[in-house]
Amino acid sequence: MITVVVVDDHPVVQAGVRAWCALADPPIEVVAWGPDVSAAWLAPGATADVVVLDLQLDVTGPAYGDLKRLVDAGRQVIVYSMRADRDTVLTCLDIGACTYLTKAEGEDHLVAAIAAAAAGTPYTPPALSGAFGTDDRPHRPRLSPRETEVLLEWFHSESKEMVARRLHLTVHRVNSCLERVRVKYANVGREAPTKAALVARALQDGLLTTDDL
Amino acid sequence: MDERRSGAVEESLLRQGRKYALGLRLIVVGLSSTAAVLFGAAPPVALALTGWNLLYAWKGTGRWAPADVAVMVAVGLTQPWTVESDPRGGGTWVLIAVAITLVTYPWLLPGIGFIAAVTVVVGAHYAGTILADPGGWLVNETVEAWTAAEAGLSWALYRFVRRSALTADGIVSRGAQLRRTAAIAAARRADEREYLAALHDTASVTLLMIGNGVLTKREPWLAEQARRDLREIGRPDADGELDLIALLRDIATHTPLRISWHAPDELLLPAVDAVALSRGTREALTNVVRHAGVGHADISVRRDGATVTVEICDEGRGFDPAQTPPRRYGVTRSIQDRMTRRGGEAHVVSSPGNGTTVTLIARLAVPEVRGDEGVIAASFQRGLHWAVVVTVLAVLVLLDLPHLLAAPEAYTSLPAQYAVWGGLVAVTLIAAWARRMPRWPLVVAVAVCSSVATATVRPEFRLGPAHWSEGDAGWPIVLILLDSPVVILAAVLAGQYLLTFAQAAVDGQAALSVAGVVNATWAVLFFQLGIAMVAAVLRGLAVSSGRVLREAERVRTAEEVGRQLHRDRERRWAELAPATVPLLGGLAAGELDPADPRVRARCAAEAARMRRLLGEDATVTDPLARELRACIELAERNGVPVSFAEYGARPELPPPARRRLTEPAIAALATARGKVRLTVAGTPDAVTVSVVARCSAPPDLPDGDGVRRSTVLDGDRWWIQAVWQGAA
């Protein structure tokens, strides 16, 4: 069974994550919960497969330091935050988070994201897709026009079927396109074990070649 | 002083100017009257004037000016008893006293009073000379006229400098305004968005999760959370500050620990710092609960100026920092991150068996304001520079040229004298306009002119009125070396005088006695040194006014930031009050059931609305977002939940294009049933507005204005997109 530790200081979020995980198929066990990151470092949270981390956005700024230390310890971290601005989203991905979910996306995507993180496969929810598709930082990875198109249409529609229909693709092609983009992002910026693993696996699976990177 | 309100630089200039005017007068009169008494040219009563000057400089106010004028009139009229008529005296101590006093009057007497004082004092001096030496050499209209002219020049200098102070004030206040605007905008972004968004976020998370249907019944902790949320969003009166002690006590009640407090009853801090300290304290207390093995902790809070320290002590197990397991290290690192991000500190001191002490230090943030020393100094230098140029040219043209014309018999070579005069005028003009030119060649040119001039004056006329270059060759030097330190200027001036005296001494004869030379030299030198001193004072003044202004600016900025934040907060409160507050209130009181579908729908709608409200940057206006927001509000009032998201920087759109972009979304929202997704994506040359909804078939609207529309139907859901593509 997939195990999860939730770092969030809001009791309603805890209740929500528990409820979604209990209904998941296969079920996911929330083994620990705490208002700060120590829950993820101490038993039983220390051995959970996936960390769901609230950035604890307060006036002192996002807890990037906590995220870095978890990632460097090889943990699979899903950032689950109220904030949806592009800089925060892309910074978390650069640090090495598996994926970034806004609180509003939790109901539809948290369970799927946890399953993907536990399996070490990429997962790109719509908000993250929107952030990728409008990224204009100088060190962003090189994306093909089709990839950007898929990113933005997925962000707009929240439905891969609609994206496939609109762009005359198969849902499978849409998925592999999103995966390729995710791997390209794992290949730039700060080095992290989770990012390296994602790239290595994609190359192994033939999802993309070294030339694409 | 003037009725008009003065700026800070000008005020400080007037204050300093008055101080230095009185000081200069005290010294010059003191030295010249003492010298006269010592040389037997004046009775000891002459020293009484220095006594008066001392009193005036020490205690005098603006109201003493009439008395001062009366004293100077008395000094002028009593000359029959205080001066001796000596044709080789070169001027009396009374003349010097009158001249220096009049030179300082622009700083002591305003406008019309100055003119009256000069007239009265010069008149009294003239009358005194007639009484003391009827028809003798003391009676000299040219000297009186020149004394009045000197006062006039000094007044011109005063006006120049004062105008430059005014300019400096103007520049400074414009600059200050710009910087204040910037500082306020920055503070609003940083503080308001981060802090209030974070606080309101907790409330919108509560509503969002209930809206998602995660709760199936009323929970006691939900009521408590809703009460806390209400408290957080309902702080419209908090003036950008929070009570740290209240925050800490709130945290302490959520731990099983007994706490001993060493803290004031209340400590208001900027919200940013209060939240940072309370988060750090919460982590420290969590560690006490987990690791210390005790049920008690001490919390002490103290404020020392701009530093606030919170100390959390326990007498538990403690640990060896050198052998801390990485996971616990992770916890203390997280406290440190939090504090150092805002320039504070966090220390953890512990050893096995001796408990643990966590120290959190916050340095209160003050808006940074840049100084204006450079602007003020440059403005003063310009003002003084041109004032001195006018003075030097006035001396050469109005005083020296008449001397030269009046006594052709005094010179061995008249052409050489004219050449020297022309040379000094030329040097003055070069120094006036070519300010970047090296200074020393000009000084050498003046020295050469001076020595040629002295060499071509017949010995018996040397150091007398016909020897015009004796002191006045020093004037161009004052101008040339105005920006140099006073010591250098004084040394060069003294060198110039000594060169002339040496030349005269070699040939023996002179027009004046030794006391006369001292008097005559004084009369010019004090004025020249006075200007050097004014220059130095202004340089210092620029620095000190800059500092004063910066302080004042800091306070004004902080106040303005506070006011602005307060307004923003009230605006947000007003937007939350009608719907969010009653909803949270109902949950807090347990009146609303989170499992009730209607309550859930209301919560979902309010959560979405709050998020939009907080996501928007109050400091920028975006007409597209405003238009969309208005239709979303309308749809939500009709019970249609809208999930809205936007990414990317948008270019500013022409209004017709904007309307075409938003039309399909508005049409869809009007007929939508159930959940709607509305998104905006921007790139530098394209903007997309997209809506996915169960709604009536979109009307067939024509493309145009660079906007293309397209639709996809998936089951009963329409996906309608409008894309604006830039002209490129």
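**Close-up views of a two-chain predicted model**

**View 1. Thr99(A) and its surroundings.** A polar atom of the Thr99(A) side chain sits 2.8 Å from the backbone oxygen of Tyr123(A). That is a polar contact, meaning N or O atoms within 3.5 Å of each other; within protein, one must be able to donate a hydrogen and the other to accept it, and residues adjacent in sequence count only if both atoms are side-chain atoms. The model shown here is predicted, so local features need pLDDT of at least 70 and side-chain atom pairs count only at pLDDT 80 or more, while totals for chains, interfaces and linings use all residues. Residues are numbered from 1 along each chain as its sequence is written, chains are lettered from A and ligands numbered from 1 in the order in which they are written, and side-chain values use heavy atoms, with hydrogens and water left out. You will find Thr99(A) in strand S5 (residues 99-102) of chain A; helices (H or I, at least four residues) and strands (E, at least two) are DSSP runs, numbered from the N terminus. Is this residue buried or exposed? With a relative accessibility of 2%, Thr99(A) counts as buried, where buried means under 20% relative accessible area, exposed over 50% and partly exposed in between (1.4 Å probe, protein chains only). Beyond its neighbours within four places in sequence, Thr99(A) is in contact with Val77(A), Ile78(A), Val79(A), Leu93(A), Ala113(A), Tyr123(A), Pro125(A) and Leu128(A); contact means heavy atoms within 4.5 Å.

**View 2. Chain A as the setting for Thr99(A).** Chain A contains 10 helices and five strands. Of its 213 residues, 61% count as buried. Take the contacts in chain A with a separation of 6 or more: residues 24 or more positions apart account for 66% of them.

**View 3. Where chain B meets chain A.** Here 58 residues of chain B are in contact with 52 residues of chain A. Between them the two chains bury about 4,900 Å², 59% of it on carbon and sulfur atoms; buried area is the accessible area (1.4 Å probe) that two parts lose on being put together, summed over both. On the chain B side, Tyr647(B), Arg677(B) and Trp719(B) lose the most area to chain A, together 16% of what that side buries.

**View 4. Charged and polar links across the interface.** How many salt bridges are there between chain B and chain A? The count is five, a salt bridge being a side-chain nitrogen of Lys or Arg within 4 Å of a carboxyl oxygen of Asp or Glu. One to look for joins the side chains of Asp9(A) and Arg282(B), at 3.6 Å from N to O. The two chains also have 13 residue pairs in polar contact, both at pLDDT 80 or more. Helix H7 (residues 141-211) of chain B gives the most to the side that touches chain A, with 11 residues. That side of chain B divides into 23 nonpolar, 16 polar and 19 charged residues; Ala, Val, Leu, Ile, Met, Phe, Trp, Tyr, Cys and Pro count as nonpolar, Asp, Glu, Lys and Arg as charged, and the others, Gly among them, as polar.

**View 5. An aromatic cluster in chain B.** The whole structure holds eight aromatic pairs over all chains. Rings of Phe, Tyr and Trp (its six-membered ring) pair if their centres lie within 6.5 Å; planes under 30 degrees apart count as stacked, over 60 as edge-to-face and the rest as tilted. Trp52(B) and Trp64(B) are stacked because their ring centres are 5.8 Å apart and their planes at 20°. The pair links distant parts of the chain, 12 residues apart: Trp52(B) belongs to helix H2 (residues 47-59) of chain B, and Trp64(B) to the loop between H2 and helix H3 (65-77). Tyr56(B) also stacks with Trp64(B), at 6.1 Å centre to centre and 0° between the planes. Together, Trp52(B), Tyr56(B) and Trp64(B) form one aromatic cluster. Within the cluster, Tyr56(B) is buried at 1% relative accessible area, Trp52(B) is buried at 18%, and Trp64(B) is partly exposed at 26%.

**View 6. Two further spots in chain B.** Leu242(B) lies in strand S1 (residues 241-243) of chain B and counts as buried, at 4% relative accessibility. Its C-alpha is 8.7 Å from that of Val272(B), with the two positions 30 residues apart in sequence numbering. Gln336(B), in helix H11 (residues 326-340) of chain B, is partly exposed with a relative accessible area of 27%.
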